[in-house]
Every structure is written in C-alpha cells, then in structure tokens.
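Student: Could you take me through one part of this structure slowly? I would like a close look at a single strand and what surrounds it.

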Amino acid sequence: MSIEDRIDQNLPTRRSPRRFPFPVIVLRPILKRIVNRIAQRHPELFDRLGPHTQSTFVIDPIDFPFALCLKPDPTDPSFKAVSRSRLPVHEARIAGKFLTLLRLVDADVDGDALFFSRDLIISGNTEAVVSLRNALDDVDASIAEDVADMFGPFGRFALARCRKAAGPT
C-alpha cells in the first residue's frame, strides 16, 4: 500500500470535517501575517533549513476542511490555505490531526513516535521534513505562543483551549 493510500485512508469522511464557510483565500492575509511574523522573530529557522528553504511543504490537518502550504523562502516566506483537491506540487507532505500537528510545533513531542504510531503521516522528501522539524526544535520560544500573542487575549485563550484538548505531552 502506498503512502498516499495510507493518507487517504486516514482522512476523515466528507461529513467529518466541517466545511469551511468561506473560500480558503480569505485566510491568506492572516496566514501571510503569521509567516512574516515568525520569519521576523526567528530568522535562525532559515539557517537550520539549509537547502530546504526552497521546498514546498503541505501540512495537512486531516480534521480541517483544507490543507496548508508552507514555502519557507527567507526572502518571501509563504503560508497558504489550499483546497485538498488542488494541492500544489510539493516536496513533502505532513498529515495528522490538527492537535497532533499543534503539539509538534508547540512542545517537545516525539515526532518519530507519532510517525510510527501512525498519528502522523509523512510522504515525499523525508530529509526536508527532518530539517523542518529540527529547525522548529531549535527555536527557544514557542511558535504557537508567538502566533497566539499576535491575536491578543483571544489568541492566548484559544491556544490554552487547544493545549487542554490535546492533552498532556
């Protein structure tokens, strides 16, 4: 069975994720602001990514009605919501439930354990994924907290709720 078949098997049914009530393009200014802020506050991420700053990563929260596309180009970082039916050409795809993906960005969760337990599915260039994971691990602060802080008290409240829902690390 191919990795893409495993990803498709793990995707929820059509009724499972709620349909996003707007075209995904409405998320673009928010996601652009997020990626620019992270790039500004953590320029060391790009050094750690090495040649993979030109890679395209699909981050697929399988319980969301859309996927995310990250291109960590230091001169023009890009982070966009994309339709799962129109995924761009990409070097790597990381799929899992949103809270699992959040824990990877937010805490010291063992990505290898998540992969082998099939809570996280990786396809494509695994070297690029490992570089991305290492870059995130090397950040002294929590990227999730940086993003939450951008949205003030509401953002911090939402992150606290997500952390509680995700359970202990």
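**A close look at strand E4**

Tutor: Happy to! Strands E1 and E4 run parallel and are joined by five bridges. Please keep in mind that this is a predicted model. E4 covers residues 92–96, while E1 covers 57–61. One pairing to find on your screen is phenylalanine 57, which sits opposite alanine 92 of E4.

Now turn to another partner of E4. Strand E5 (residues 120–124) is also linked to E4 by five bridges, but these two run antiparallel. Here arginine 93 has serine 123 in E5 as its bridge partner.

How many residues of E4 are buried? Five of its five are, and the strand is mostly covered. In a regular strand, side chains alternate between the two faces of the sheet. In E4, Ala92, Ile94 and Gly96 point one way, whereas Arg93 and Ala95 point the other way. Residues on both sides are buried, Arg93 included.

Let us also step back along the chain to the loop that lies between helix H3 (44–49) and E1. Threonine 53 has its place in this loop. Its relative accessibility is 9%, so threonine 53 counts as buried, the cut-off being under 20%. Apart from neighbours within four places in sequence, threonine 53 is in contact with Phe46, Lys71, Pro72, Asp73 and Pro74.

Technical notes
Residues numbered from 1 in each chain as written. Predicted model: local features only at pLDDT ≥ 70, side-chain atom pairs only at ≥ 80, totals over all residues. Heavy atoms only, no water. Helix = DSSP H or I, 4+ residues; strand = E, 2+ residues; numbered from the N terminus. Buried < 20%, exposed > 50% of the residue type's maximum accessible area, 1.4 Å probe, protein only. Contact = heavy atoms within 4.5 Å. Pairing = 2+ DSSP bridges.
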